[in-house]
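Work through these short exercises with the model in view. Try each task before you read its solution.

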Amino acid sequence: MDRTRKWILHQIKLFRDSTASAPVLPFADLLAPELVNEILQEFDLTFRQRIYTPFITLCVFLGQVFSEDHSCREAVARLMAFRIAKGQ
């Protein structure tokens with residue numbers, strides 16, 4: 001395995017470990033909700049304001065992909081913990 005690949009895998013593991021038990025939505029601080037909405041508008045896509053906005057859905061999905069367990073149940077539980085921590 002080359003050094004770049006090892007470094008990337010190490011960074012993913014560090015990211016996964018740092019967010020494993022925290023009530024956070026991985027990527028929520030890295031992505032801009034406005035950008036997601038802007039892209040949807042470019043494709044003339046509309047949606048209702050609900051808990052699972054396109055931005056939240058994207059963050060939950062990315063968190064699911066990067067989690068060790070990959071389950072939908074764990075991803076939804078993380079979202080619930082995040083919302084509770086935010087007083088929602």
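**Exercise 1. Find how much of the contact network links residues far apart in sequence.**
Solution. This is a predicted model. Take the contacts in the protein with a separation of 6 or more. Residues 24 or more positions apart account for 61% of them.

**Exercise 2. Describe the overall fold.**
Solution. Start with the count: the protein has four helices and zero strands. Next, read along the sequence: the pattern is α-α-α-α. Then take the extent: the C-alpha trace spans about 45 × 30 × 20 Å along its principal axes.

**Exercise 3. Check the span of helix α3, then find what its buried residues pack against.**
Solution. Helix α3 covers residues 54-66, which is 13 residues. At 1.5 Å a residue, α3 should span 18 Å. Its end C-alpha atoms are 18 Å apart, so the two values agree. Now list the buried residues of α3: Phe55, Ile56, Cys59, Val60, Gly63 and Gln64. They pack against α2 (33-42) and α4 (72-85).

**Exercise 4. Place Ile39 and classify its exposure.**
Solution. Ile39 lies in helix α2. Its relative accessible area is 40%. Buried means under 20% and exposed means over 50%. Ile39 is therefore partly exposed. Ile39 also belongs to a nonpolar surface patch with Leu35, Phe43 and Leu45. Together the four have about 410 Å² of accessible area.

**Exercise 5. Summarise burial and surface for the protein.**
Solution. Of its 88 residues, 22% count as buried. The protein exposes about 6800 Å². Carbon and sulfur atoms supply 60% of that area.

Conventions:
Residues are numbered from 1 along each chain as its sequence is written. This is a predicted model: local features need pLDDT of at least 70, side-chain atom pairs count only at pLDDT 80 or more; totals for chains, interfaces and linings use all residues. Side-chain values use heavy atoms; hydrogens and water are left out. Helices (H or I, at least four residues) and strands (E, at least two) are DSSP runs, numbered from the N terminus. The expected span of a helix is 1.5 Å times one less than its number of residues. Buried means under 20% relative accessible area, exposed over 50%, partly exposed in between (1.4 Å probe, protein chains only). Contact means heavy atoms within 4.5 Å. Patches are made of residues with over 30% relative accessible area and no salt bridge: like charges are joined within 9 Å, nonpolar side chains (Val, Leu, Ile, Met, Phe, Trp, Tyr) within 5 Å. Accessible areas come from the Shrake-Rupley method with a 1.4 Å probe; for residues, only the protein chains shown count as cover. A salt bridge is a side-chain nitrogen of Lys or Arg within 4 Å of a carboxyl oxygen of Asp or Glu.
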